[in-house]
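Student: Before we use the names that structural software hands out, could we go through this protein together and ask what each name rests on?
Tutor: Gladly; let us set each value beside its cut-off and see what follows.

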Amino acid sequence: MKGVIDCPDLPLNVSRSFLQNDGYVAKISTHITKKVGDKLTTLFKNERDNYNTYWDDINPFVKYGCIREQKFFDKVKDIIIYKTTNGDYTTLKDYLERNKSKHENKVFYVSDEKQQSQYINMFKEHGMEAIILTTMIDNHFIQFLEMKEENIKFSRVDADLSESMKEENPEETEEKSKEQLELLQKTF
């Protein structure tokens, strides 16, 4: 969105600190925030493919706006999308619903696709997916979301594999452990 706002009540030669404390500027800011939120919501609902293509460019600004302005977050929290390791875009709610059986209320994310490619492959082998968060603001945004959504926990794909990658059959795991122990004993 581009535009110019003219407000006859604002003086022409003012300092930045004066503008930051001015009531008119606060009203203008609130109105712009509302309009941007409405436009993003309309794009998400009516032109989802276009929204997905623009998302890579605008997501740092949307996330920063959410952290900075509570009303903006309330307006756009349901339309924030995340690119997954499967190559599609999904909302946080849809991601949690799709992965409910594998890990409830836990969101796995990738911060560097090249360095974590081995873990991404492991996730895919187990039929799991992770979201891709590679911008500088993502760490702050994750902390922000964990404060807002107390029951959701974010984990990097290489941080906590023990619970998520457990074998389905405990007997097979025990058998593999015995085999590994026997192999070690034969070696020594």
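**Pockets, strands and buried residues**

Tutor: The largest share of the lining of the second largest pocket, four residues, comes from α5. Please keep in mind throughout that this is a predicted model.

Student: Which residues lie nearest the centre of the second largest pocket, and how many line it?
Tutor: Its lining has 15 residues, and those nearest the centre are K77, D78, T91, L92 and K93. The volume of this pocket is about 310 Å³, and by class its lining divides into nine nonpolar, one polar and five charged residues.

Student: T91 is in that group, so what makes T91 count as buried?
Tutor: Its relative accessibility is 8%, and buried means under 20%, so T91 falls on the buried side of the cut-off. T91 is found in strand β2, and, leaving aside residues up to four places away in sequence, it touches F44, D78, I80, I81 and Y82.

Student: How do you know that β1 and β2 are paired, and in which sense do they run?
Tutor: Pairing asks for at least two bridges between two strands, and strand β1 (residues 81-84) and β2 have three, in the antiparallel sense; therefore they count as paired. Within this pairing, Y82 stands opposite T90 in β2. The two strands form a hairpin with four residues between them, and G87 in the turn has a positive phi of about 95 degrees.

Student: What joins β1 to β4, and which residue of β4 is the bridge partner of K83?
Tutor: Two bridges join β1 to β4, and these strands run antiparallel; the cut-off is at least two, so this pair also qualifies. The bridge partner of K83 in β4 is I132.

Student: Why is the pairing of the whole sheet called mixed?
Tutor: In general, strands of a sheet pair through backbone hydrogen bonds, either parallel or antiparallel. Here β1 and β4 run antiparallel, whereas strand β3 (residues 106-110) and strand β4 (residues 131-132), joined by two bridges, run parallel. One contact point of the parallel pair is Y109, which stands opposite I131 in β4. The five strands form an open sheet in the order β2-β1-β4-β3-β5, with mixed pairing. What makes β2 (89-91) and β5 (153-156) the edge strands is that each pairs on one side only.

Student: How do you know that S155, in the edge strand β5, is buried or exposed?
Tutor: S155 is found in strand β5, and with a relative accessibility of 9% against a limit of under 20%, S155 is to be called buried. Beyond residues up to four places away in sequence, S155 touches K106, V107, F108 and Y109.

Student: And what makes L96 count as buried?
Tutor: L96 has 16% relative accessibility, which is again under 20%, so the word buried applies to L96 as well. The residue sits in helix α5 (residues 92-98), and its contacts, not counting residues up to four places away in sequence, are N105, K106, V107 and I152. L96 and K106 are ten residues apart in sequence, and 7.4 Å separates them in space, C-alpha to C-alpha.

Student: Why is N105, one of those contacts, called partly exposed, and what is notable about its phi?
Tutor: N105 has 30% relative accessibility; buried would need under 20% and exposed over 50%, so N105 belongs in between and counts as partly exposed. N105 lies in the loop between α5 and β3. As to its backbone, most residues other than glycine have a negative phi, yet N105 has a positive phi of about 60 degrees although it is not a glycine.

Student: Which element gives the most to the lining of the largest pocket?
Tutor: That is α2, with six residues. The space in this pocket is about 450 Å³, and the elements that give two or more residues to its lining are α2 (23-46) and α3 (48-68). By class, the lining has five nonpolar, five polar and two charged residues.

Student: How many of the residues of the chain reach a pLDDT of 70 or more?
Tutor: 79% of them do, and the mean pLDDT of the protein chain is 81. Over residues 166-170, however, the pLDDT is below 50, and this stretch has two contacts in the model beyond near neighbours in sequence.

Key. Residues are numbered from 1 along each chain as its sequence is written. This is a predicted model: local features need pLDDT of at least 70, side-chain atom pairs count only at pLDDT 80 or more; totals for chains, interfaces and linings use all residues. Side-chain values use heavy atoms; hydrogens and water are left out. Buried means under 20% relative accessible area, exposed over 50%, partly exposed in between (1.4 Å probe, protein chains only). Contact means heavy atoms within 4.5 Å. On a 1 Å grid over the protein atoms alone, a cavity is a set of points where a 1.4 Å probe fits but cannot get out, and a pocket is an open set with protein on both sides within 12 Å along at least five of seven lines; lining residues have an atom within 4 Å of a point. Grid points are joined across faces, edges and corners, and a volume is the space filled by probe spheres set on the points. Ala, Val, Leu, Ile, Met, Phe, Trp, Tyr, Cys and Pro count as nonpolar, Asp, Glu, Lys and Arg as charged, and the others, Gly among them, as polar. pLDDT is the predictor's confidence in each residue, from 0 to 100.
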